[in-house]
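Visitor: I should like to go through this entry point by point. Please begin with the convention that the first comparison requires.

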Amino acid sequence: MTYATKLATPETRNGTVIVAVLRLAIAALVTAAVIATVAEAAGRTVINPFNMFGYFTIQSNIILAVVYAVIAVVALRGEAASPALNIARASVTTYIIIVGVVYATLLAPLGAAGGVPVAWANAALHIITPVYALADWILFSDRGRIAFSRLWIVLIYPIVWVIVVLVRGATDGWVPYPFLHPDTGYGSVFFYVGLIVVVMLTFGSLVFWISGKRSLLRVP
């Protein structure tokens, strides 16, 4: 896909608006789900925002909402997404797919203990956004082909997140997930850090591979 400063033709304008509205709706859903989650927690205890917003699920969904909102606004202004914005969309698509896969395979079997206490918000953040993001990436043509030489970009956010988690675990003792706690031993911790890197590269490669395939629905 070649990027242009303006969207291609008037015939595709309606499709552009529909897709933009869908993405804004997902951004709004994420916002509402995060607010509901915070409100529920605030009703039970005093919230530490560094803990509340330290979870990969919460952060990935917020990043998704921001990226989708920016892409939607750019499209509604009659412009095409830049290559940087395209890579940002690919990266957050990778993160949110992993959120969905981990939830479905590891957390959902735990019931309420494996998710967000607010049922609809849990479904929004763990199921709806991952499914939509994958469908959005597959279906809509307003994505550019991304070279695998840029796959390392997908690792930037997860590595920063892991570093912050490890520092917090070693200082104030808080970690979002037990397998990253230093009390389990740093051999175990770094095994999981390596696993995170492998998982990110695997799903990132899938997302990048899809970027080179023909989309099902034409959007400039």
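Guide: An axis is a line fitted to C-alpha atoms, for helices over the stretch in contact, and angles between N-to-C directions run from 0 to 180 degrees. The model is predicted: local features need pLDDT of at least 70 and side-chain atom pairs count only at pLDDT 80 or more, while totals for chains, interfaces and linings use all residues. Residues are numbered from 1 along each chain as its sequence is written, and side-chain values use heavy atoms, with hydrogens and water left out.

Visitor: Are α3 and α5 parallel, perpendicular or oblique to each other?

Guide: Helices are DSSP runs (H or I, at least four residues) numbered from the N terminus, and strands are E runs of at least two. The axes of α3 and α5 are 11 Å apart and the packing angle is about 40°. Angles under 35 degrees count as roughly parallel, over 145 as roughly antiparallel, 65 to 115 as roughly perpendicular and the rest as oblique. The relation of α3 to α5 is therefore oblique.

Visitor: Which residues of α5 meet α3?

Guide: Contact means heavy atoms within 4.5 Å. On the α3 side, the participants are Thr 57, Ile 58, Asn 61, Leu 64 and Tyr 68. They meet, in α5, Ala 124, Leu 125, His 126, Thr 129, Tyr 132, Ala 133 and Asp 136.

Visitor: At what angle do α3 and α4 cross?

Guide: The contact set of α3 includes Phe 56, Ser 60, Ile 63, Val 67 and Val 74, and that of α4 includes Leu 85, Ala 88, Val 92, Tyr 95 and Val 99. The axes of α3 and helix α4 (residues 83-107) come within 9 Å, and the crossing angle is roughly 145°.

Visitor: Are α6 and α7 roughly parallel or roughly antiparallel?

Guide: Among the residues of α6 in this interface are Trp 161, Val 162 and Leu 166, which face a set in α7 that includes Val 189, Phe 190 and Ile 196. The axes of α6 and helix α7 (residues 186-211) are 11 Å apart, at an angle of about 165°. The two helices are therefore roughly antiparallel.

Visitor: How many aromatic pairs are there?

Guide: Rings of Phe, Tyr and Trp (its six-membered ring) pair if their centres lie within 6.5 Å; planes under 30 degrees apart count as stacked, over 60 as edge-to-face and the rest as tilted. By this rule the number of aromatic pairs is 13.

Visitor: How many residues apart in sequence are the parts tied together by Phe 56 and Trp 161?

Guide: The rings of Phe 56 and Trp 161 form an edge-to-face pair, 5.4 Å centre to centre with 70° between the planes. Phe 56 belongs to helix α3 (residues 56-76) and Trp 161 to helix α6 (residues 156-171), so the pair ties together parts whose separation in sequence is 105 residues.

Visitor: Are Phe 56 and Trp 161 buried or exposed?

Guide: Buried means under 20% relative accessible area, exposed over 50% and partly exposed in between (1.4 Å probe, protein chains only). Phe 56 and Trp 161 are both buried.

Visitor: Is Phe 191 buried or exposed?

Guide: Phe 191 pairs with Tyr 192, with ring centres 5.2 Å apart and planes at 75°, so this pair is edge-to-face. Tyr 192 has 30% relative accessibility and so counts as partly exposed. Phe 191 reaches 53%, so Phe 191 counts as exposed.

Visitor: Which residues do ring pairs link into a cluster?

Guide: Phe 56 and Trp 161, already described as an edge-to-face pair, belong to the cluster, as do Phe 191 and Tyr 192. The other members are Tyr 55, Tyr 95, Tyr 157, Trp 174, Tyr 177 and Phe 179.

Visitor: Which residues does Ile 153 touch?

Guide: Ile 153 is located in the loop between α5 and α6. With 23% relative accessibility, Ile 153 counts as partly exposed. Leaving aside residues up to four places away in sequence, Ile 153 touches Ile 87, Ser 91 and Tyr 95.

Visitor: How far apart in space are Ile 159 and Thr 94?

Guide: Ile 159 is placed in helix α6 and counts as partly exposed at 39% relative accessibility. Ile 159 and Thr 94 are 65 residues apart in sequence, and their C-alpha to C-alpha distance is 14 Å.

Visitor: What distance separates the C-alpha atoms of Val 17 and Ala 80?

Guide: Val 17 is part of helix α1 (residues 13-42) and is partly exposed, with a relative accessible area of 30%. Val 17 and Ala 80 are 63 residues apart along the chain, and their C-alpha atoms are separated by 13 Å.
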